[in-house]
Structures are given as C-alpha cells and as structure tokens.
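The following paragraphs go through one protein chain and the ligand beside it. Please keep the sequence and the structure in view while reading.

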Amino acid sequence: MNFDSISQEPLLEVKYFLEQARDKKLRDWNGMTVSTVDEEQRPSSRVVLLKKFTDDGLFFYTNYLSKKGKDISINKNVSINFWWRELQVQIRIGGSISEASRKESEEYFNSRPKGSRISAIISNQSEEIESFESFQEKVETAINSLRGEDIKLPEHCGMYKIKPLQIEIWKEGEYRRHERTQFKLEGKKWIKSFLSP
Ligand SMILES: Cc1cc2nc3c(=O)[nH]c(=O)nc-3n(C[C@H](O)[C@H](O)[C@H](O)COP(=O)(O)O)c2cc1C
C-alpha cells in the first residue's frame with residue numbers, strides 16, 4: 001500500500017504510524033476495528049483491513065449486503081480504531097462513510113487472487129448458513145464451474161471510504177502519563193487540542 005498522496009496534517013501523522021507498523025512487519029499491521037450502529041442505536045464492531053489511504057479517506061473492501069453494510073445504509077457515522085502494541089500507539093478516527101467509486105473497487109478486486117475473488121462472489125456475508133462444511137462445498141463447486149472464467153466484481157461488493165472528521169492519537173507513556181492529541185475538522189481546518197489521559 002502506498003501512502004504517497006497524503007498531504008494534510010493530521011493524516012500525515014496517521015500515515016507515519018501506519019508506515020512504522022508496516023516497516024516493522026507487524027502481523028496484520030493494517031487491521032482496523034470498524035464500529036457501526038444499527039437502526040436501534042446498537043453498536044457493533046469488527047476488524048477489517050485498510051486497503052488504501054489517501055487525502056480522500058481510508059478504504060476497506062467488503063460486502064455491501066453484510067451486517068455492517070446494512071448498518072451503514074442507515075447511519076453513515078462510523079468509528080475506526082487502530083492499536084499496535086509494539087508501537088504503543090492507538091489511533092481513534094470518527095468519520096463519515098460512503099461507497100467508493102466502482103473504478104476504485106474494481107481496481108482492488110482485480111488485484112486479488114482468483115480464489116479470493118471466487119469466495120467473495122459466493123459468500124453472502126453475515127447471512128446464516130447451514131454449516132461451515134456446506135460453505136466449503138459451495139466454494140469447491142464454484143472453483144470447478146468457474147475454471148477459466150474471468151471473475152468480475154459483483155454489484156454487492158466493493159470498497160467503502162471513510163472520511164475522517166475526528167482523529168485522536170494516543171501514545172503510551174510511563175506511569176499512565178499517556179499523550180493524547182485530538183484533531184477535529186472544522187470546515188476545512190483541523191483544530192488541534194490535547195486530552196487528559
Ligand atoms: C484480521 C482480520 C481481517 C479482516 N478483514 C476483513 C476485510 O477486509 N473485509 C471484510 O469484509 N471482513 C474482514 N474480516 C472479517 C470481519 O471481521 C467480519 O467478520 C465480516 O466483515 C462480517 O462482519 P459484519 O457481519 O459485521 O458485516 C476480517 C477479520 C479479521 C480478523
């Protein structure tokens with residue numbers, strides 16, 4: 001993943017830690033917890049992988065008909081959390097989510113191995129299934145029937161883009177003297193403040 005297009009503070013700071021985590025080869029360094037809220041205001045969180053990060057926002061790939069997709073269709077406010085034990089850093093981002101362009105989603109989808117693309121097209125993510133074995137059988141059947149076929153991005157899958165509106169960077173300090181820096185987007189300007197640990 002390249003972060004070359006990031007130019008704004010505090011996104012540059014987020015980029016700095018992502019690069020540190022990547023360069024230290026931390027396992028799943030790009031994993032982030034995304035929290036959404038359903039129609040009854042019940043929050044729910046899950047880990048996804050950050051696939052692209054630009055001045056436009058943070059992108060991840062998923063199934064638009066999944067539980068998270070349903071939540072997002074009624075509430076665009078989401079919260080993301082990164083934590084890297086080895087860096088002693090936590091980053092919390094609040095933002096607004098939207099579907100990325102078809103082109104952006106296709107670029108990512110087409111870069112995936114065929115096996116992953118097949119799993120994506122046959123998995124009705126978050127739907128109840130009979131058993132894990134029944135899903136595996138479905139995958140096997142699909143692999144055989146789609147041999148030699150070009151697998152295109154299905155309509156119900158793609159990238160989401162999260163536009164950050166609030167960012168908090170938490171750096172662990174000794175004896176609970178953690179450093180918490182908060183940035184809030186007001187208009188086009190990021191306002192910086194500090195929070196008590
Ligand atoms: C390390 C890790 C990475 C994951 N990456 C993704 C991802 O990029 N996209 C995705 O849809 N699910 C990903 N998942 C699975 C999600 O956590 C979740 O199970 C799935 O998206 C269904 O969530 P939902 O039912 O809340 O919609 C990942 C899980 C883990 C543990």
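**A walk through the chain**

Ser126 is partly exposed, because 14 other C-beta atoms lie within 10 Å of its own, and a count in between 12 and 20 falls in that class. The model discussed here is a predicted one. Ser126 sits in the loop between helix H4 (114-122) and H5. Its phi is near 80°, a positive value in a residue other than glycine. Ser126 also belongs to the surroundings of the ligand: of the 15 residues there, Thr62, Ser66, Lys67, Lys68 and Ser126 come nearest. Strand S2 (43-54), strand S3 (57-63) and helix H2 (67-74) are the elements that give two or more residues to this shell. S2 contributes the most, with five residues. Sorted by class, the shell contains five nonpolar, six polar and four charged residues.

The chain as a whole comes next. The protein chain has 197 residues, and buried residues make up 20% of them. Its secondary structure consists of five helices and eight strands, which follow one another along the sequence as α-β-β-β-α-β-β-α-α-α-β-β-β. The C-alpha trace spans about 55 × 40 × 35 Å along its principal axes. Among contacts with a separation of 6 or more, 60% are between residues 24 or more positions apart.

Early in the sequence, a cis peptide bond joins Glu9 and Pro10, with omega about 5°. Pro10 lies in the segment before H1. Helix H1 itself covers residues 11-23 and includes Phe17. Phe17 is partly exposed, since 18 other C-beta atoms lie within 10 Å of its own and 20 would be needed for a buried residue. Leaving aside residues up to four places away in sequence, Phe17 touches Leu87, Val89 and Ile91. Phe17 and Ile91 are 74 residues apart along the chain, yet their C-alpha atoms are separated by 9.1 Å.

The strands can be followed through their pairings. Strand S1 (residues 31-37) has two faces: Met32, Val34 and Thr36 form the covered one, and Gly31, Thr33, Ser35 and Val37 the uncovered one. S1 pairs with S2 in the antiparallel sense over seven bridges, and Val37 has Pro43 in S2 as its bridge partner. The two strands form a hairpin with five residues between them, and Gln41 in the turn has a positive phi of about 65°. S1 is also joined to strand S4 (residues 77-84), by three bridges in an antiparallel arrangement. Here Val34 has Ile80 in S4 as its bridge partner.

Strand S6 (residues 157-171) takes part in several pairings. S3 and S6 pair antiparallel over six bridges, with Tyr160 in S6 as the partner of Phe60. Strand S5 (residues 89-99) pairs with S6 in the antiparallel sense over eleven bridges, and Ile93 stands opposite Ile167 in S6. Six bridges join S6 to strand S7 (residues 179-186), and these two strands run antiparallel as well. In that pairing Lys171 has Glu179 in S7 as its partner. The loop between S6 and S7 holds Tyr175, which has a positive phi of about 50° although it is not a glycine. Tyr175 is exposed, because its count of other C-beta atoms within 10 Å is 5, and 12 or fewer is the limit for that class.

Where do the buried nonpolar residues gather? In soluble globular proteins, nonpolar side chains tend to be buried together. The largest nonpolar core here has 26 residues, and those with the most contacts inside it are Phe59, Ile80, Ile91, Met159, Tyr160, Ile162 and Ile167. H1, S1, S3, S4, S5 and S6 each supply at least two residues of this core. S6 provides the largest share, five residues. Ile91, one of the core residues named above, touches Val14, Phe17, Phe82, Ile167 and Ile169, not counting residues up to four places away in sequence.

Helix H5 (residues 132-145) gives a contrasting picture. Its 14 residues should span 20 Å at 1.5 Å a residue, and this agrees with its end C-alpha atoms, which are 20 Å apart. H5 is hardly covered, as the count of buried residues among its 14 residues is zero.

Terms used
Residues numbered from 1 in each chain as written. Predicted model: local features only at pLDDT ≥ 70, side-chain atom pairs only at ≥ 80, totals over all residues. Helix = DSSP H or I, 4+ residues; strand = E, 2+ residues; numbered from the N terminus. Expected span 1.5 Å × (residues − 1). Near = placed C-beta within 6 Å. Nonpolar A, V, L, I, M, F, W, Y, C, P; charged D, E, K, R; others polar. Pairing = 2+ DSSP bridges. Contact = placed C-beta atoms within 7 Å. Core = buried A, V, L, I, M, F, W, Y, C linked by C-beta atoms within 7 Å.
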